[in-house]
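Colleague: Please take a close look at one chain of this predicted complex. I would like its fold and its contact side in one go.

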Amino acid sequence: MKDWKYWVAEQRGTLFAFATFVVMFTIYVSNHPAGFTANVVQTAANKGVLLAFVAMAQALVVITAGIDLSVGMIFILTNCLASWIVVGTPLETALGIVGVLLAGLACGAVNGLIVIYGRLQPIVTTIATGAIYFGIALLLRPFPGGSVNEDLADFLTGKIWGVIPVSLVALVVVVLVVWVPFSRSVMGRAAYATGSSEAAAYMSAMPIRRAKFLTYTLAGLLAGIGGLFLTFFTYTGEAALASGNAYTLFSIAAVVLGGISLYGGTGSAIGAVFGALAFRAIGDLLFVFDLDPLWQPLFQGVVLLIAVSLGAFGLLRVRNKLDWFT
Amino acid sequence: MSEISPMGRQEAGRQGLWRRIDPAVATAFGCIVLLLLLGSLYSSNFLHLDYLLLQLKVASFLGVIATGAMLVILLGQIDLSAPWTITTGAMMSCAAAAYGPAGVALAIPFGILCGVLIGIVNGIGVAYLRIPAMIITLATNAVAQGLMVVYTGGFSPQDEATEAMRYIATGFLIPGVPNAVLVWLVVGAGAVFLLTRTSFGRAVYGIGNSERAAYLSGIDTRRILVIAFAITGGLAAFGGVLLAGYSSKAAQSMGDVYLLPAIAAVVLGGTSILGGRGSYLGTVAGAILITLLQSILSVMQIPEAGRQVIYGIVIVIMLLLYGRAPASR
Amino acid sequence: MSRAGPLFRMEGVSKRYGGVRALDGAELTVNAGQIHGILGENGAGKSTLIKIMSGVVEPDEGQMVLDGKEIAFASPAAANDAGIVCVFQELSLIPHLSVADNIVISNPPKRFGMIDRKKQRAIAEEALARAGAADIHPLALVKDLPLSRRQMVEIAKALARKPRILILDEATSALTASDVSKVFDVLKRLREEGLALLYISHRMHEIAELADVCTVFRNGSNVASFATGTKSGNEIVELMIGREYKNVFPPKTPPVPSERPPVVECRRLGWADQLKDISISVRAGEVVGLGGLDGQGQRELLLALFGVLRGLNGEVLVGGKPVRIGSPRQAKRDEIGMALIPEDRKTEGLLLPMSVRDNLSFAALDHVSHGGVIDGAAEKSRIDKMIRLLAIKTAGTDIPAGALSGGNQQKIVIAKWLMNQPRIILLNDPTRGIDVGTKQEIYQLLRKLADEGAAIIFYSTDYDELIGCCDRVLVMYDGGIRRELAGEEITEHALIASALNVEERGAGQAEVAGA
């Protein structure tokens with residue numbers, strides 16, 4: 001009986017994110033003119049899934065007490081790449097998809113190499129690599145354009161059995177195939193350990209550097225999957241700077257809403273997924289309440305500000321002021 | 001058993017002037033010279049006085065913003081709210097101009113004040129709520145953006161910059177010398193004074209080295225952090241005011257293109273990203289270097305895409321040379 | 001239960017760190033089915049001994065013999081494989097992972113490349129049961145457990161590695177009394193099962209209860225091994241003391257008359273569970289030492305006085321008036337006039353990359369500036385005075401503080417505070433890791449400052465210093481003042497005895513207190 005209590009304690013953040021999402025989505029759907037229909041769910045899912053992928057990428061890196069400010073740019077880059085190569089015959093399309101995923105993986109690996117083996121700070125490194133990735137995206141698509149295998153796109157943005165959005169299914173599949181094995185592997189445990197206490201992890205001879213490298217690489221992969229889906233939804237590739245920046249920012253919001261501590265060591269990518277979906281739902285609330293869409297950026301910004309400030313409550317318990325300083 | 005380590009003896013051995021020159025700053029200036037020479041191979045215009053003064057003018061805008069960025073980086077923090085603080089400064093100063101003669105007169109201070117307020121929020125978040133700087137500044141950036149979007153209705157604002165704004169950005173108080181450069185000179189002199197001759201400046205370097213040791217030495221580290229972020233916000237907003245003066249109006253997302261260059265200018269000038277080390281001269285060199293780089297790339301007609309890539313690569317390489325963390329054990 | 005030959009032997013083992021001999025021809029015999037207690041004061045070589053046995057460092061000379069065969073360990077992992085496992089005092093657990101995760105951390109059971117959680121849990125439950133901690137749930141997160149439970153998890157983690165020799169280094173320091181008795185039952189049971197246990201502790205009563213055999217270390221070598229109970233507490237203390245060198249201390253001045261009002265006092269000071277009901281008072285001209293074992297609250301007391309701790313109970317008075325000191329900034333103000341020379345000069349006392357000048361004036365910026373602007377001339381003259389006063393050897397004031405030797409660095413830390421002319425000076429183990437010559441200079445300086453009217457409180461782990469420098473010594477134990485020694489009463493014997501909780505009843509008659 002007591003086992004589930006511990007499971008709850010460990011998954012606190014994720015469960016809270018799930019609850020937030022359910023609440024927000026319920027409010028959204030009940031105020032939507034069309035109500036709780038399959039179409040409404042499908043549109044919401046398609047938009048939410050994009051952020052969910054990028055949020056998962058960010059979650060992985062944040063767990064190791066790092067940060068990746070280039071995820072939005074990897075997202076854009078893979079989108080532009082996909083608009084070139086994910087076309088044609090089924091074989092060509094399949095190869096194109098593999099190419100896009102490899103590109104995402106490569107971007108993540110570059111981040112990882114520089115941060116870990118170059119021993120540079122993640123913030124500045126990923127701002128700089130983000131510029132590089134954006135530049136490449138701009139090279140690929142100076143102007144919006146391109147296309148994508150339409151049959152595949154229609155399928156992936158549609159519904160199964162007229163009800164379940166395929167994008168959600170894809171999300172679940174990615175979580176099962178990428179996140180679950182990683183989180184249960186020795187590398188995954190080392191990633192958590194590094195974020196929790198790098199010193200103790202070192203003393204226990206855990207593979208810290210390899211785990212961190214794997215984290216950044218997988219983050220690139222996940223952001224790449226997001227970019228791929230963006231292509232399926234928009235049928236084009238566009239090197240939109242504002243969009244890339246927004247996704248980076250929102251991925252951090254999603255991570256914080258998802259119960260993942262920015263100091264690392266705790267939380268789950270699944271929480272980030274719910275955080276992303278909740279964040280999207282919050283944003284869409286303005287729409288259903290007939291509020292001017294002009295207020296959306298401000299609203300989202302304030303939500304982010306409140307979310308990151310919540311952690312300050314822990315400070316009340318500090319008894320030795322030297323603990324303020326790492 | 002000697003009292004001074006080999007490192008100390010080495011330092012002491014570099015006599016007089018040589019001892020004062022930071023190798024990073026020297027390298028940055030060296031790169032400037034190199035770029036000019038390379039550029040002159042492409043076109044002899046690169047060494048004309050007119051061109052150089054123009055570059056200095058453009059560098060001034062970046063320089064003012066980078067001054068603020070340097071202050072925060074010296075503390076071991078970072079300010080990612082520069083983009084929309086710049087834009088807010090620009091838009092709000094132009095907006096004030098629409099409120100009659102009082103508005104026109106107060107336009108510039110008002111714009112700067114908006115930036116200071118954003119900076120104070122950042123400072124309180126970092127110092128009192130102990131929120132990591134990168135996160136809180138990303139959040140305030142988003143809020144500032146939200147506010148500006150609401151204010152402008154999503155369109156480019158129609159307000160015009162005031163005479164004063166246009167004068168400080170494009171005028172010529174001294175014949176031949178662009179006013180913007182003079183402004184940068186004044187801001188820079190103020191920054192150098194603050195950093196090297198005041199107890200505030202000493203405390204900034206101390207906190208950047210170790211907030212813990214600074215606290216135990218009786219420094220009010222929290223207050224200093226808030227003040228520093230406030231100054232940075234004010235400088236970013238002032239940069240926006242200058243930019244608005246330059247183009248006679250403000251524009252959406254005008255600040256976005258200054259974030260990376262500002263941080264790059266600071267880091268390339270030898271200021272450690274970890275804090276506690278760096279001289280303003282380096283930031284000056286960094287700002288000029290970045291501006292030259294941008295200018296040369298555009299003259300060579302390298303598309304924006306290529307510029308971004310080269311940017312990012314240059315920064316990573318310079319960081320690998322200067323900013324690496326020590327190998328553990 | 002003894003066997004034909006010893007399980008493990010260490011012979012002629014030596015280890016040097018720079019000029020210091022941590023171990024000097026040390027030897028040790030460990031038998032299976034026995035609990036072997038190890039005693040010795042700080043610096044006697046116990047921790048180096050453990051590090052060599054558990055593979056953390058390699059000896060310079062000597063050999064180790066396990067099961068009759070000579071052996072050397074290249075790493076802690078190698079020592080573990082050979083069956084030697086150590087339970088450290090400093091916890092090595094990952095806070096955000098569960099108890100089970102932590103227990104198997106170096107070698108989790110795997111299935112298809114993923115960690116097998118069921119098997120992991122089974123291993124954890126077995127280890128916890130063996131450690132007598134079956135009440136700890138394997139899925140609990142370590143950070144949610146109190147310190148005493150975490151120590152039990154450490155013990156379980158060690159047992160999960162199936163050791164043949166288990167080393168416990170001050171492993172009971174964090175445990176509650178009932179935990180301690182449970183752990184003792186577990187250790188006794190392990191002894192019956194044939195394990196060899198090495199138990200390092202300062203607590204005499206624990207050794208008396210637990211150990212079959214005792215070894216006393218002094219100055220890096222084994223000075224005596226005997227069966228427990230064959231020597232009295234007093235005799236053991238005698239074995240532990242005795243030094244090779246004697247520091248030279250400045251002559252002590254006559255004690256300060258007790259009518260003189262105290263400069264700094266605290267009454268019934270309490271904090272968290274590390275300071276309990278402390279009342280002390282220090283007069284101008286006194287050098288008061290804080291003694292006792294490591295971690296009994298000495299550091300916390302100094303931090304509490306300096307305004308760094310939150311949630312203090314009780315009162316602090318300066319110059320007879322109650323004060324609320326909320327931060328070091330307030331503490332250093334002229335009205336209060338306190339200074340703290342902190343524990344770790346490299347991370348808390350100095351800004352290593354900054355210049356000697358910047359470091360020296362760092363705590364006194366208010367005194368060398370007008371309206372925020374630094375007066376260069378005033379700063380320079382004050383700094384030059386300090387450098388002369390403390391005889392700081394530096395090639396110039398512009399070189400980084402990190403370039404100076406340890407002794408000179410510490411002088412800078414002290415000078416930095418003297419710039420403010422404080423009347424209350426707190427020092428946290430100021431001569432740790434410093435050469436003999438500089439130490440003497442610091443002792444002279446402290447005496448001089450006291451004679452000029454400062455009140456000095458001085459925590460040291462070096463008994464010589466406490467005897468040589470202090471007018472009074474307050475020996476702390478478990479967050480409280482255990483005993484106060486004044487003048488002639490301050491002897492090494494008295495210091496160690498009160499630190500170890502051995503009560504003295506006249507010469508030659510000693511009993512182990514508590515139990």
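Modeller: What follows covers chain B, then how far to trust the model. This is a predicted model. The predictor assigns the complex an ipTM of 0.85 and a pTM of 0.84.

Start with the fold. Chain B has 15 helices and 0 strands. Its C-alpha trace spans about 75 × 55 × 40 Å along the principal axes. The radius of gyration of chain B is 20 Å, which agrees with a compact globule, because 329 residues would give a value near 20 Å. Of those 329 residues, 55% count as buried. Take the contacts in chain B between residues at least 6 apart in sequence: 77% of them join residues at least 24 apart.

Now the side that touches chain A. Here 47 residues of chain B are in contact with 43 residues of chain A. Four helices of chain B each supply at least two residues to this side: α7 (133-152), α11 (211-216), α13 (259-268) and α15 (304-322). The largest share comes from α7(B), with 13 residues. By type, this side of chain B divides into 30 nonpolar, 11 polar and 6 charged residues.

Last, a caution on chain C. Its mean pLDDT is 86, and 94% of its residues score at least 70. Confidence in chain C is highest in strand β18 (residues 338-341), at a mean of 96. Confidence is lowest in strand β26 (residues 510-512) of chain C, at 40. Over residues 505-515 of chain C, pLDDT stays under 50. For that stretch the model has 23 contacts beyond four places in sequence.

Terms used:
Residues are numbered from 1 along each chain as its sequence is written. Chains are lettered from A and ligands numbered from 1 in the order in which they are written. This is a predicted model: local features need pLDDT of at least 70, side-chain atom pairs count only at pLDDT 80 or more; totals for chains, interfaces and linings use all residues. Two residues are in contact if their C-beta atoms, placed from the backbone, lie within 7 Å. Ala, Val, Leu, Ile, Met, Phe, Trp, Tyr, Cys and Pro count as nonpolar, Asp, Glu, Lys and Arg as charged, and the others, Gly among them, as polar. pLDDT is the predictor's confidence in each residue, from 0 to 100. The radius of gyration is taken over C-alpha atoms; the globule rule is 2.2 Å times the number of residues to the power 0.38. A residue is buried if 20 or more other C-beta atoms lie within 10 Å of its own, exposed if 12 or fewer, and partly exposed in between; C-beta atoms are placed from the backbone.
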